[in-house]
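Subject: Structure handover

Hello,

Here is the structure for your files. My notes on what I found follow below it.

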Amino acid sequence: MKIQLLSGGGSNNPREQYLTSFLVDDSVAIDAGSLPLSLNRDRQLAVRHVFITHSHLDHLAGLPLMLDNIFTDINQVIWVYAIEETVDALQKHIFNNVIWPDFTSFKNSNDVNLQFKTILPNEVLRIDDLEIVAIPVNHTVPSVGLILKKEDAAVVISGDTSNTDALWQAAKETDALKAAFIECSYPNRLTDLAYRYGHLSPELLLKEYRKLEKSIPCLAYHVKPAYFDEVTKQLANLQDEKIFLAEPNITYEF
């Protein structure tokens with residue numbers, strides 16, 4: 001399994017994460033914030049499945065733009081997976097023929113279009129040899145983290161969350177868990193703010209990581225650009241060699 005955290009739109013520092021997207025094995029996206037900014041058109045055309053963890057703009061902004069860019073040439077349905085509340089938000093507030101065309105309501109010349117699939121928490125969804133399970137997490141809107149498993153390797157991606165338990169319990173019980181991608185939005189001096197907004201700081205991240213009870217790499221992501229240097233230093237000061245900052249556009253293989 002190959003996973004990339006895609007560049008998040010920073011013009012001064014390509015490591016900055018204004019927008020959030022992961023790419024899995026070239027054809028599966030986890031969140032869509034930066035897809036059309038980080039991928040050229042050929043790579044956009046290769047994306048066939050998109051999971052949206054929740055309805056906030058930094059996780060979905062790139063989806064309507066990417067669809068507009070590739071819709072005329074796709075020859076297979078593009079599937080967008082999300083929990084019911086997120087699908088409802090996308091249909092009502094984005095693909096509503098006011099903010100953006102409803103790409104589910106018409107087909108291109110290849111007779112394909114966009115389709116939404118509502119997923120249920122704890123349901124195992126299979127895409128070829130990849131299994132994905134969505135677990136509810138603690139954010140300001142209904143949101144999920146994801147456990148991805150392929151052959152003899154699994155990873156967990158937190159999505160946006162503050163302290164949570166069900167995701168880590170499910171990940172702890174997952175065989176062959178190789179890594180955890182965990183959000184870390186704010187510095188420690190803003191821990192109270194992070195908690196209130198459904199996010200983590202380095203000190204909170206460490207507590208969540210320890211719930212896994214596994215010695216696996218922890219890759220922090222979703223750092224707010226305004227606090228990038230501060231959070232990066234604090235992650236390093238945790239003195240846990242397993243915790244480090246996820247690097248955009250690096251291919252992590254598991």
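Does Cys218 count as buried or exposed? Cys218 counts as buried, because its relative accessibility is 0%; buried here means under 20% relative accessible area, exposed over 50% and partly exposed in between, with a 1.4 Å probe and protein chains only.

Before the rest, the conventions. This is a predicted model, in which local features need pLDDT of at least 70 and side-chain atom pairs count only at pLDDT 80 or more, while totals for chains, interfaces and linings use all residues. Residues are numbered from 1 along each chain as its sequence is written, and side-chain values use heavy atoms, with hydrogens and water left out.

Cysteines

The whole structure contains zero disulfides, a disulfide being a pair of cysteine sulfur atoms within 2.5 Å. The cysteine sulfur closest to that of Cys184 belongs to Cys218, and because the distance is 8.5 Å it is too far for a bond. Cys184 is buried too, with a relative accessible area of 0%.

Overall

The protein has eight helices and 14 strands; these are DSSP runs numbered from the N terminus, helices being H or I of at least four residues and strands E of at least two. The C-alpha trace spans about 55 × 40 × 30 Å along its principal axes. The radius of gyration is 17 Å, which agrees with the value near 18 Å for a compact globule of 254 residues; it is taken over C-alpha atoms, and the globule rule is 2.2 Å times the number of residues to the power 0.38. Buried residues account for 56% of the 254 residues. Of the contacts between residues at least 6 apart in sequence, 60% join residues at least 24 apart, where contact means heavy atoms within 4.5 Å.

Sheet with strands 1 to 6 and 14

One open sheet has seven strands in the order 6-5-4-3-2-1-14, with mixed pairing; two strands pair if DSSP finds at least two bridges between them. Strand 6 (114-118) and strand 14 are the edges, each pairing on one side only. The twist from one strand to the next averages 25°. Axes are lines fitted to C-alpha atoms, for helices over the stretch in contact, and angles run from 0 to 180 degrees between N-to-C directions.

Strand 1 (residues 2-5) runs antiparallel to strand 14 (residues 251-253), joined by three bridges, and Ile3 has Tyr252 as its bridge partner there. Strand 1 also pairs with strand 2 (residues 22-24), antiparallel and over three bridges; here Leu5 is bridged to Phe22. The pairing of strand 3 (residues 28-30) with strand 4 (residues 49-51) is parallel, again over three bridges, with Val50 as the partner of Ala29. Helix 4 (residues 84-93) packs on the sheet and touches strand 5 and strand 6; its direction makes about 150° with that of strand 6.

Trp79 lies in strand 5 (residues 78-82). It counts as partly exposed, because its relative accessibility is 31%. Beyond four places in sequence, Trp79 is in contact with Arg48, His49, Val50, Gln115, Phe116 and Lys117.

Sheet with strands 7 to 13

Another open sheet of seven strands has the order 7-8-9-10-11-12-13, also with mixed pairing. Its edge strands are strand 7 (124-127) and strand 13. Strand 10 and strand 11 are parallel and share four bridges; Ile157 is bridged to Phe181 in strand 11.

Cores

Nonpolar side chains tend to be buried together in soluble globular proteins. The largest nonpolar core here has 29 residues, and Val156, Ile182, Leu212, Leu235 and Ile243 have the most contacts inside it. A nonpolar core is a set of buried Ala, Val, Leu, Ile, Met, Phe, Trp, Tyr and Cys residues joined through side-chain atoms within 4.5 Å. Elements supplying at least two residues each include strand 8 (130-136), strand 10 (153-157), helix 5 (166-172) and strand 11 (177-183). Helix 7 gives the largest share, four residues. Apart from this core lies another, of 28 residues, among them Val50, Ile74, Ile94 and Phe95.

The buried residues of helix 7 are Pro202, Leu204, Leu205, Leu206, Glu208 and Tyr209. They are covered by elements including helix 5, strand 11, helix 6 (191-196), strand 12, helix 8 and strand 13. Ile182 touches Leu205 and Tyr209, and its other contacts beyond four places in sequence include Trp168, Leu200 and Cys218.

Regards
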